Amino acid sequence: MGFMNGHETAVRYRGFLLMPQTNQSWLVRPERSPMLLLPFRTPTCSLADVKALLDWRLSQEASEIGAA
């Protein structure tokens, strides 16, 4: 796992850790179990885009649970 500029920087957001990668992408992982979403990587994007993607994925997960 690579961090930008050798610093271990992570952003906490809605129970997830958003970790910037050296290629300007992001690794998104849950802070703890039980996991609502599996860890995933994003394409190259900004922090705001990562947060929007995570919000969208969480809303999709909630709608799938409601449909069951």
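Here are some notes on the strands, the core and a few odd spots in this structure.

1. Before anything else, keep in mind that you are looking at a predicted model. Residue numbers start from 1 along the chain, following the sequence as written.

2. A good place to begin is the pair β1 (11-13) and β2. These two strands run antiparallel and are held by three bridges. If you want a landmark there, look for arginine 12, which stands opposite leucine 17 in β2. The hairpin they form has two residues between the strands.

3. One residue in that turn deserves a second look. Arginine 14 sits in the loop between β1 and β2, and its phi is near 50°, a positive value in a residue other than glycine. Most residues other than glycine have a negative phi. As for the surroundings, arginine 14 counts as exposed because its relative accessibility is 52% and the cut-off for exposed is over 50%.

4. Carry on along the chain and β2 pairs again, this time with β3. Five bridges join the two strands, and they too are antiparallel. Here the landmark is phenylalanine 16, found opposite proline 30 in β3. The hairpin of β2 and β3 has five residues between the strands.

5. This second hairpin has a positive phi as well. Glutamine 24, in the loop between β2 and β3, has a phi near 70° and is not a glycine. With a relative accessible area of 42%, glutamine 24 is partly exposed.

6. How much of β2 is buried? Four of its five residues are, so the strand is largely enclosed by the rest of the structure.

7. Now for the inside. The largest nonpolar core has 10 residues: Tyr13, Phe16, Leu18, Trp26, Val28, Leu37, Phe40, Val50, Leu54 and Leu58. Three elements, β2 (16-20), β3 (26-30) and α1 (47-67), each supply at least two of them. The biggest share comes from α1, which gives three residues.

8. To see how the helix meets the strands, click on leucine 54. Setting aside neighbours within four places in sequence, leucine 54 is in contact with Tyr13, Phe16, Leu18, Val28, Leu37 and Phe40. Every one of those partners is also on the list of core residues.

9. Which residues does threonine 42 touch? Not counting residues up to four places away in sequence, they are Ser25, Trp26, Val28, Val50 and Leu53. Threonine 42 belongs to the loop between β4 (40-41) and α1. It counts as buried because its relative accessibility is 7%, and buried means under 20%.

10. What about the aromatic rings? Searching the whole structure turns up zero aromatic pairs. There is, however, a charge over a ring: the charged end of arginine 57 sits over the ring of phenylalanine 40, 3.9 Å from its centre. Phenylalanine 40 is one of the core residues, too.

11. Last, check the backbone at serine 33 and proline 34. A cis peptide bond joins them, with omega at about 0°. Most peptide bonds are trans. Proline 34 is found in the loop between β3 and β4.

Methods: This is a predicted model: local features need pLDDT of at least 70, side-chain atom pairs count only at pLDDT 80 or more; totals for chains, interfaces and linings use all residues. Side-chain values use heavy atoms; hydrogens and water are left out. A nonpolar core is a set of buried Ala, Val, Leu, Ile, Met, Phe, Trp, Tyr and Cys residues joined through side-chain atoms within 4.5 Å. Buried means under 20% relative accessible area, exposed over 50%, partly exposed in between (1.4 Å probe, protein chains only). Contact means heavy atoms within 4.5 Å. Rings of Phe, Tyr and Trp (its six-membered ring) pair if their centres lie within 6.5 Å; planes under 30 degrees apart count as stacked, over 60 as edge-to-face and the rest as tilted. A charge sits over a ring if NZ of Lys or CZ of Arg is within 6 Å of the ring centre and within 35 degrees of the ring normal. Two strands pair if DSSP finds at least two bridges between them.
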